[in-house]
Amino acid sequence: MKETSPAFVISAPSGSGKTTLISRLIAGDGRLEFSISATTRPRRPAESDGGSYYFLDEPDFLKMIEEGAFLEWARVHGNYYGTTKKEIDRIRAAGKIPIFDVDVQGAASLKGRLDRAVYIFIVPPSREALETRLRNRKTDSEEQIQIRLRNAIRELAEYAMYDYVVVNDDLDEAMDRLRSIITAELCRKEDAHHIITGILEEPRDNPAR
Ligand code: ADP
Ligand code: 5GP
C-alpha cells in the first residue's frame, strides 16, 4: 500500500461496541492493521500485553511522553492512553492501512498530524443501550461505569469532528455500514492514480486501433 493510503481513526463513547466492530473488521480484511496503543489502564482478564494494548505502569508512560515517543496521548477515564510513533512505522512498514482506536481528544490531536485520515464515530442507539452494554460487558467497576457514562455525554457532543457516524444498533448492520465506508474511501481517485497511469503507459499492441 502506498504512503498516501488513508488511515482510519475510529472513536466511540465507551460501551458503544467499537472494540467488537473493529476486531470483526480487521479479522475480515487483510489490508487493515490495528494500531496497538500503550495504556496505564489495568489489563482485563481477556486481554494480553501487545494484543489489545501495550500495558505500562505510569512512570514508564510518563517517561515515554518526555522522550517524545507518542504521536498523540491523552488521559481518558482516569488512565493514560497513547499512540506511539513506532507503532505507526510498524504498520506502514508492513504495507498495511492503520486503524486507530482513540478517544475524541486523540482524534482531535491526530487531525493535525496524519496526512490523510478518515474519521469515524460509532454511537449506541440510545443512552439506555449504552448503559446496558457497559453493565453486560462486566469488565468495569460501578465507579468506572459511572465515569464512562458521564464521559459519553461529553464525547457525543463532539460528533461533528468526524466524517462519518455509524449507529451500532444491530451488530451486522453496523458492520455493513462500517465496511461500506472503508470500501468507498479506498475507491477514492487519490488511490487510483497508479492503476490509471499503468493502463495509460501500457504498450499498445495494435497502434491502428
Ligand atoms: P467499546 O469498545 O465501544 O467500549 P465493546 O465492543 O466492548 O464496546 O462492547 C460493549 C458491550 O456491548 C460488549 O459486551 C459487546 O459484546 C456488546 N455489543 C457490541 N455491539 C452490540 C450490539 N450491536 N448489540 C448488542 N450488544 C452489543
Ligand atoms: P478502554 O479502556 O475501554 O479500552 O478504552 C477507553 C478509551 O480510550 C476509548 O475511548 C479508546 O478509544 C481510548 N483509547 C484507546 N487507545 C487510545 C490512544 O492511543 N489514544 C487515545 N487518545 N485514546 C485511546
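Four bridges join strand β8 to strand β9, and the two strands run parallel. That is a good place to start exploring this predicted model. Work through the exercises with the structure open beside you.

**Exercise 1. Follow the sheet**

Task: Find the order of the strands in the open sheet, and work out which strands form its edges.

Solution:
- Step 1. Begin with β8 and β9, which are joined by four bridges. Within this pair, I120 stands opposite Y164 in β9.
- Step 2. Now look at the other neighbour of β8. Five bridges join β1 to β8, again in parallel, and I10 stands opposite I120 in β8.
- Step 3. Go on to β2 and β7, which pair in the parallel sense over three bridges. Here E33 has P98 in β7 as its bridge partner.
- Step 4. Put the pieces together: the five strands have the order β2-β7-β1-β8-β9, with parallel pairing.
- Step 5. The edge strands are β2 (32-34) and β9 (164-167), since each of them pairs on one side only.
- Step 6. Finally, look at the twist: neighbouring strands of this sheet are turned by 25° against each other on average, direction ignored.

**Exercise 2. What covers the sheet?**

Task: Name the strands that α1 lies across, and say how covered β8 is.

Solution:
- Step 1. Find helix α1, residues 18-27. This helix lies across β1, β2, β7 and β8.
- Step 2. Compare directions: α1 runs at about 170° to β7.
- Step 3. Turn to β8, residues 117-123. Six of the seven residues of β8 are buried, so this strand is mostly covered.

**Exercise 3. Look into the nonpolar cores**

Task: Identify the residues that touch the most other members of the largest nonpolar core, and find where the core residues come from.

Solution:
- Step 1. Recall a general tendency: in soluble globular proteins, nonpolar side chains tend to be buried together.
- Step 2. The largest nonpolar core here has 19 residues, and F8, I10, L25, I99 and I120 touch the most other members.
- Step 3. Trace the sources: β1, α1, β7 (97-101), β8 and α7 (171-185) each supply at least two residues of this core. The largest share, five residues, comes from α7.
- Step 4. Zoom in on I99. Beyond its neighbours within four places in sequence, I99 is in contact with several residues, including F8, I10, I22, L25 and F34.
- Step 5. Look for another core: a second, separate one has 15 residues, among them A7, F100, Y119 and M161.

**Exercise 4. Compare two residues**

Task: Decide whether S11 and R154 are buried or exposed, and describe their polar contacts.

Solution:
- Step 1. Locate S11 in strand β1 (residues 7-11). Its relative accessible area is 1%; this is under 20%, so S11 counts as buried.
- Step 2. Check the partners of S11. Its side chain reaches the backbone oxygen of V102 at 2.7 Å, and a polar contact of 2.7 Å joins the side chains of S11 and Y162.
- Step 3. Locate R154 in helix α6 (residues 142-156). With a relative accessible area of 55%, which is over 50%, R154 counts as exposed.
- Step 4. The side chain of R154 is joined to that of N151 by a polar contact of 2.6 Å.
- Step 5. For a last look at R154, find V104: the two are 50 residues apart in sequence, and their C-alpha atoms are 9.4 Å apart in space.

**Exercise 5. Visit the two ligands**

Task: List the closest residues around each ligand, then find polar atoms that lie beside ligand oxygens.

Solution:
- Step 1. Ligand 1 is surrounded by 14 residues, and the closest are G15, T19, T20, R137 and N168.
- Step 2. Look at the side chains: a polar atom of T19 lies 2.4 Å from an oxygen atom of ligand 1, and one of T20 lies 2.5 Å from an oxygen atom of this ligand.
- Step 3. Add the backbone: an N or O atom of G17 lies 3.0 Å from an oxygen atom of ligand 1.
- Step 4. Ligand 2 is surrounded by 18 residues, with S37, R41, Y53, Y81 and D101 the closest.
- Step 5. In the side chain of Y53, an N or O atom is 2.6 Å from an oxygen atom of ligand 2. For Y81, a polar side-chain atom lies 2.5 Å from an oxygen atom of ligand 2.
- Step 6. The backbone takes part here too: a polar backbone atom of G82 is 3.3 Å from an oxygen atom of ligand 2.

Definitions and conventions. Residues numbered from 1 in each chain as written. Chains lettered and ligands numbered in written order. Predicted model: local features only at pLDDT ≥ 70, side-chain atom pairs only at ≥ 80, totals over all residues. Heavy atoms only, no water. Buried < 20%, exposed > 50% of the residue type's maximum accessible area, 1.4 Å probe, protein only. Polar contact = N/O pair within 3.5 Å; in protein donor to acceptor, adjacent residues only side chain to side chain. Core = buried A, V, L, I, M, F, W, Y, C linked by side-chain atoms within 4.5 Å. Contact = heavy atoms within 4.5 Å. Pairing = 2+ DSSP bridges. Axes fitted to C-alpha atoms, helices over the stretch in contact; angles between N-to-C directions. Near = heavy atom within 4 Å.
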